[in-house]
Amino acid sequence: MNEEWNRVDHIAAFLNERLGSAPDIVLVLGSGLRDGAFGLSDERSVSFSEIPDWPRSTVAGHNGVLKRGRMGDKEVLLQLGRVHLYEGYSEAEVVRPTRSVMQWGARYLIATNAAGGINEYLKPGGLMILEDHLNLTGRNPLIGQNDESRGARFPDMTETYSRRLRALLVEEATDLGVEFKMGVYAGLLGPSYETPAEVNMLRQMGADAVGMSTVLEVIAAKHMGADVAGISCISNMAASYNGPKLTHEDVQAAAGRASESLTRLVAAMVAKIEPSKVG
Ligand code: HPA
């Protein structure tokens, strides 16, 4: 674990050298979600391939770049792309980017993803603000020796997704007229999509949407004291016996369509976040 924290420290130092001091807010954009509408000023970027030990996605549609800049009066980092357990990466590798940006000095993590809707109140193209999650990956990035200087051995997860940030998202979405629902995100290992029986099980467990990312990053960020928000773009309805077959291409295309309202919402929310405030 010490070796892993050494890598994290090196990456944090590298980012500081290449991109300057840490922004307050890190925005992770998942597969198929576009960043075009953010309009960062004073943008500086570094591609994942230039960063030592930064894991790179093997999946089409995950572009792989960090962009640091200003959005209104806020310093933000856009992380375009992430890696997943299903690609064969370890949990430590999956959360290495999150840990590195938090170690660099970021305070807020806004994690976005594409997800399949389970609850029928969700519609493809819509947004779900995460109230909570189910980590059903069977893995946890905090397994192993704990470094107390980074975070607690047994971090509290009572308010994983900040109440304050959720309220802000609801307020901004309402003001913008962006349709949204609140719900629980189930994070699974993948890469196969769920069977209809699995979707029925997830529904009974209390999941409203399902995806293959986010939960490990969020656990790692909470461990380090971050304030976290999560938003899912509902790209499809999760599998059902009468439903269409799911393909990655269709899911990505639908996520791209949903991402327009996501970008508007996130930009509005970022404008309202208090800088340098740890929640
Ligand atoms: N299941 C799992 N992950 C997903 C889905 C889905 O239906 N859609 C987008 N990511």
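Here is a chat between a student and a tutor about this predicted model.

Student: Hi! Which residues surround the ligand?

Tutor: Hi there! The shell around the ligand is made of Ala114, Ala115, Gly116, Tyr193, Glu194, Val210, Gly211, Met212, Ser235, Asn236, Leu246 and Val251. Keep in mind that this is a predicted model.

Student: OK, and how many of those are nonpolar, polar or charged?

Tutor: Sorted by class, seven are nonpolar, four are polar and one is charged.

Student: Which strands supply at least two residues of that shell?

Tutor: Look for β5 (108–117), β8 (209–211) and β9 (227–237), as each of them supplies at least two.

Student: And which one gives the most?

Tutor: That would be β5, which contributes three residues to the shell.

Student: Cool. What lies 2.7 Å from a nitrogen atom of the ligand?

Tutor: An N or O atom in the side chain of Asn236 does. The backbone takes part in contacts too: a nitrogen atom of the ligand has a backbone N or O atom of Gly116 at 3.3 Å, and a backbone N or O atom of Ala114 lies 3.4 Å from a ligand nitrogen.

Student: How much of the ligand does the protein bury?

Tutor: The protein buries 94% of the 260 Å² that the ligand exposes when taken alone.

Student: Switching to helices! How do people describe two packed helices?

Tutor: By two things: the angle between their axes and the distance between those axes.

Student: Then what are the angle and distance for α1 and α2?

Tutor: Helix α1 (residues 2–19) packs against α2 at about 50 degrees, and their axes are 8 Å apart. Angles under 35 degrees count as roughly parallel, and 65 to 115 as roughly perpendicular. The angle here falls in neither range, so α1 and α2 are oblique to each other. Their crossing is right-handed.

Student: What about α2 and α5, at what angle do they cross?

Tutor: Roughly 55 degrees, with the axes of α2 (residues 91–104) and α5 (residues 215–223) coming within 9 Å. This pair is therefore oblique, and α2 passes α5 in a right-handed crossing.

Student: And α3 with α6, how do their axes cross?

Tutor: Helix α3 (residues 163–176) and helix α6 (residues 248–272) cross at roughly 125 degrees, and their axes come within 9 Å. They are therefore oblique to each other, and the crossing is right-handed.

Student: New topic: what is usual for phi and for peptide bonds?

Tutor: Most residues other than glycine have a negative phi, and most peptide bonds are trans.

Student: So where is there a cis peptide bond here?

Tutor: Go to the bond from Gly190 to Pro191, which is cis with omega near -5 degrees. Pro191 sits in the loop between β7 (180–187) and α4 (196–205).

Student: And which residue has a positive phi although it is not a glycine?

Tutor: Try Asp42, whose phi is about 50 degrees. You will find Asp42 in strand β2 (residues 41–47).

Key. Residues numbered from 1 in each chain as written. Predicted model: local features only at pLDDT ≥ 70, side-chain atom pairs only at ≥ 80, totals over all residues. Heavy atoms only, no water. Near = heavy atom within 4 Å. Polar contact = N/O pair within 3.5 Å; in protein donor to acceptor, adjacent residues only side chain to side chain. Areas by Shrake-Rupley, 256 points an atom, 1.4 Å probe, with all protein chains shown as cover. Helix = DSSP H or I, 4+ residues; strand = E, 2+ residues; numbered from the N terminus. Nonpolar A, V, L, I, M, F, W, Y, C, P; charged D, E, K, R; others polar. Axes fitted to C-alpha atoms, helices over the stretch in contact; angles between N-to-C directions. Parallel < 35°, antiparallel > 145°, perpendicular 65-115°, else oblique. Left-handed = near helix turned anticlockwise from the far one by under 90°.
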